[in-house]
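Please examine the sequence and the model shown here, and then follow the explanation below one step at a time.

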Amino acid sequence: MRPITAEEPCVGTLPRIADVRHERFDQLGQGRRVIHSWFERGWRGRDNPESECFEPFIFTWIALNGWAECVTDLDRRDQDWVQSIAAEPDLAAVFHSLLSEDPVINEAAVEFTRFWPIPRLQALRRRAELMNSWHSNAQATETFARAGVDLGPRCAFRHQVRHEGIPLDWSHFLWALYRARCNLFHGEKNPYHWGDQAVIARGFKVLVHAMSRWRAFEQR
Ligand SMILES: [Zn+2]
């Protein structure tokens, strides 16, 4: 695996692969109602206890996935629509105002960052030397980066060597949550290091509240 160096570009600077065109979703017809129904199933679970957030998170993520593929017209690789919507200024602005206006969601977001960077768990499987040196995600950042283990966000080592925190903004949040989602959907579990219920519950609450402020999913 190719090492991740300190020169890895910050995910906050990655360009859109395709434009985000909101009107495409408005024109979707039946598909739009289906995507809304997935989001509703996520939204209804927004106050669930930590142990019951997997299912609403999965519905929320599927709604995000469906919406994002539609508005970007990118459906070949998840990373392509993730990169495109991560670079969308309107969504970044919504995320910023959510965190400044809602102290509960702000706290969930800050707690979510304590798990950053989130390593690609499949890359750690059967690599005892990496598992043995893994005490926390933040502490293992350099080891994982040098070993080429993908990280969410991928620029974590870049920020660490510059002695700056990983920014808590829309793009870093989305890339971290995307990595958590990949780990979850691939059925990996490692409760000691991973605390996966805590990770998913916090990421889910921030995502579902952010999406509830988007025109496509507006709840207020
Ligand atoms: Zn960065």
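The model is a predicted one. A convenient place to begin is Phe 173, a residue of helix α10, which covers residues 170-185. Is Phe 173 buried or exposed? Its relative accessibility is 0%, and because a residue counts as buried under 20%, Phe 173 is buried. Which residues surround it, once neighbours within four places in sequence are set aside? Phe 173 is in contact with Phe 95, Phe 112, Trp 116, Gly 203, Val 206 and Leu 207. As for distance along the chain, Phe 173 and Asp 78 are separated by 95 residues in sequence, while their C-alpha atoms lie 16 Å apart in space.

Two of the contacts of Phe 173, namely Phe 95 and Val 206, lead to a pair of helices. Two packed helices are described by the angle between their axes and the distance between the axes. Helix α5 spans residues 89-101 and helix α12 spans residues 196-211; their axes come within 10 Å and cross at roughly 115°. Angles of 65 to 115 degrees count as roughly perpendicular, and α5 and α12 are therefore described as roughly perpendicular to each other. The crossing in which α5 passes α12 is right-handed. On the side of α5, the contact is made by Val 94, Phe 95, Leu 98 and Leu 99, and on the side of α12 by Val 206, His 209 and Ala 210. Sorted by class, this contact has 6 nonpolar residues and 1 polar residue, with no charged residues.

Helix α12 also holds Met 211. With a relative accessible area of 0%, Met 211 is buried. Apart from neighbours within four places in sequence, Met 211 is in contact with Phe 39, Thr 60, Ala 63, Leu 64 and Phe 217. Met 211 and Gly 66 are 145 residues apart in sequence, yet their C-alpha atoms are 13 Å apart in space.

Leu 64, one of the contacts of Met 211, also takes part in a second helix pair, formed by α3 and α4. Helix α4 consists of residues 78-86, and α3 packs against α4 at an angle of about 80°, with the axes 10 Å apart. The two helices are therefore roughly perpendicular to each other. From α3, the contact draws on Trp 61, Leu 64, Asn 65, Trp 67, Ala 68, Glu 69 and Thr 72; from α4, it draws on Asp 78, Trp 81, Ser 84 and Ile 85. By class, the contact of α3 with α4 has 6 nonpolar, 3 polar and 2 charged residues.

Asn 65 deserves separate attention. It lies in helix α3, which runs over residues 54-72. With a relative accessible area of 16%, Asn 65 is buried. Beyond residues up to four places away in sequence, Asn 65 touches Asp 78 and Trp 81.

The whole chain may now be considered. How many helices and strands does the protein chain have? There are 12 helices and 2 strands, and from the N terminus their order is α-α-α-α-α-α-β-α-α-β-α-α-α-α. Buried residues account for 51% of the 220 residues in the chain. Among contacts between residues at least 6 apart in sequence, 73% join residues at least 24 apart. The C-alpha atoms fill a box of roughly 50 × 35 × 35 Å along the principal axes. For 220 residues, a compact globule would have a radius of gyration near 17 Å, and the protein chain agrees with this, at 17 Å.

Key:
Residues numbered from 1 in each chain as written. Predicted model: local features only at pLDDT ≥ 70, side-chain atom pairs only at ≥ 80, totals over all residues. Heavy atoms only, no water. Helix = DSSP H or I, 4+ residues; strand = E, 2+ residues; numbered from the N terminus. Buried < 20%, exposed > 50% of the residue type's maximum accessible area, 1.4 Å probe, protein only. Contact = heavy atoms within 4.5 Å. Axes fitted to C-alpha atoms, helices over the stretch in contact; angles between N-to-C directions. Parallel < 35°, antiparallel > 145°, perpendicular 65-115°, else oblique. Left-handed = near helix turned anticlockwise from the far one by under 90°. Nonpolar A, V, L, I, M, F, W, Y, C, P; charged D, E, K, R; others polar. Rg over C-alpha atoms; globule rule 2.2 N^0.38 Å.
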